[in-house]
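User: Could you take a close look at one part of this model for me, the contact between the two chains? I'd also like to hear what sits behind it in each chain.

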Number of protein chains: 2
Amino acid sequence: MSLESAVGKMRGRGYKVTPQRVAVLGALAAEQHQSLEGIRARCPGVGMVTVYRTLDLLGSLGIVRRLDLGDGARYELAADHHHHMICESCGDISEFEECPLDSARIPTQNQGFEVRSHSVEVYGRCAACL
Amino acid sequence: MSLESAVGKMRGRGYKVTPQRVAVLGALAAEQHQSLEGIRARCPGVGMVTVYRTLDLLGSLGIVRRLDLGDGARYELAADHHHHMICESCGDISEFEECPLDSARIPTQNQGFEVRSHSVEVYGRCAACL
DNA sequence: CCCGTAGATGAAAACTTTTTTCATTGACAG
DNA sequence: CTGTCAATGAAAAAAGTTTTCATCTACGGG
Ligand SMILES: [Mn+2]
Ligand SMILES: [Mn+2]
Ligand SMILES: [Zn+2]
Ligand SMILES: [Zn+2]
């Protein structure tokens, strides 16, 4: 999800493209999995309320995804499907693209559950901490 | 994790077995995946602070697990390894035992990451909502 | 049993985080 | 350019969580 397409999506839905919204997008583009505090630090001129509202808006547009990985909320630009490896020692979050789910082993058919999405998180120790 | 073994674990670690702690354990045993509000409703005589502290204690003893599935925190007695299917329409959370993860496809070896645990959540529509 | 004591409880206060309110500002269509 | 309505942000309110501290009680030892 490039910033240009994100801005286009906002315009297309009739939302105004303000400097504050662009600044929050820029903060999100700078690094994945930031906390609200981290995002705020990257756009000091933007009011806290506006950051909250912008994250909500971008979330409703599917541009931003919110993660709950144990320590407070984190945000990422919704790029392609991927999963997370979280180091329980240093807190580092890394991504991997290959989906380790074996769909055949998701017991949904017999229960009549229609799968729309999934998430996988792997916890452990990263190379640096070992 | 039976209530008896949970109580035994508390005693063994030198924690007192108070009526409040037993009440919170009972509330947790009544239903999996409750919110704090739900737990509190099941032990009305127990002060809010004590519920918070008891959940922390039980968490540190490995008796209780905290879940973050999008809407606030939920708690469950840490039973055997299992995963969750969440209905995005009604919010219902169901469990399944069969682990759909293909360990071979977790790209950890090449990155030197040591896996200690994982979580899998499946989102979609439950049979009742379809 | 009954004490003594260290750990546990809970009301109140303090903090933290998030949402609402509302007066002012500014993006952008015409 | 201009007018309008969405967007912003300071302040206040609400919601959620933790700390403080006086009081209580579980339970080991006598
Ligand atoms: Mn990610
Ligand atoms: Mn469960
Ligand atoms: Zn690490
Ligand atoms: Zn449902």
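Analyst: Here is a walk through the interface, followed by the metal sites and a small sheet.

First, some housekeeping. This is a predicted model, where local features need pLDDT of at least 70, side-chain atom pairs count only at pLDDT 80 or more, and totals for chains, interfaces and linings use all residues. Residues are numbered from 1 along each chain as its sequence is written, chains are lettered from A and ligands numbered from 1 in the order in which they are written, and side-chain values use heavy atoms, with hydrogens and water left out.

Now the interface. Chain A puts 34 residues into the contact and chain B puts in 34 residues, contact meaning heavy atoms within 4.5 Å. The two chains bury about 3100 Å² between them, and carbon and sulfur atoms give 55% of that. Buried area here is the accessible area (1.4 Å probe) that two parts lose on being put together, summed over both. On chain A's side, Met85(A), Arg105(A) and Phe113(A) supply 20% of the area that chain A buries against chain B, more than any other three residues.

What about the polar side of things? There are 15 residue pairs in polar contact between chain A and chain B, both residues at pLDDT 80 or more. A polar contact is a pair of N or O atoms within 3.5 Å; within protein, one must be able to donate a hydrogen and the other to accept it, and residues adjacent in sequence count only if both atoms are side-chain atoms. The rule also finds two salt bridges across the interface, each needing a side-chain nitrogen of Lys or Arg within 4 Å of a carboxyl oxygen of Asp or Glu. Arg116(A) forms a salt bridge with Glu88(B), with the closest N and O atoms 3.6 Å apart.

Which elements of chain A give two or more residues to this side? They are β4 (83–87) and β6 (114–125) of chain A, and β6(A) gives the most, with twelve residues. Helices (H or I, at least four residues) and strands (E, at least two) are DSSP runs, numbered from the N terminus. β6(A) also pairs with strand β5 (residues 114–125) of chain B, in the antiparallel sense over eleven bridges; two strands pair if DSSP finds at least two bridges between them. Within that pairing, Tyr123(A) has Ser117(B) as its bridge partner.

Behind the interface, each chain has a metal site. In chain A, the manganese ion (ligand 1) is coordinated by His33(A) (NE2), Glu76(A) (OE), His82(A) (NE2), His84(A) (NE2) and Glu95(A) (OE), at 1.9 to 2.2 Å. Donors are N, O and S atoms within 2.8 Å of the metal (3.2 Å for Na, K and Ca); water is not among the atoms, so sites may look incomplete. In chain B, the manganese ion (ligand 2) has His33(B) (NE2), Glu76(B) (OE), His82(B) (NE2), His84(B) (NE2) and Glu95(B) (OE) around it, at 2.0 to 2.2 Å.

Last, the small sheet in chain A: an open one of three strands, in the order β1-β3-β2, with antiparallel pairing. β1 (34–35) and β2 of chain A stand at the edges with a single partner strand each, so one side of each is left without a neighbour in the sheet. β2(A) and β3(A) form a hairpin with one residue between them, and Gly70(A) in the turn has a positive phi of about 105°. Beside that turn, Leu69(A) has Asp71(A) as its bridge partner in β3(A).
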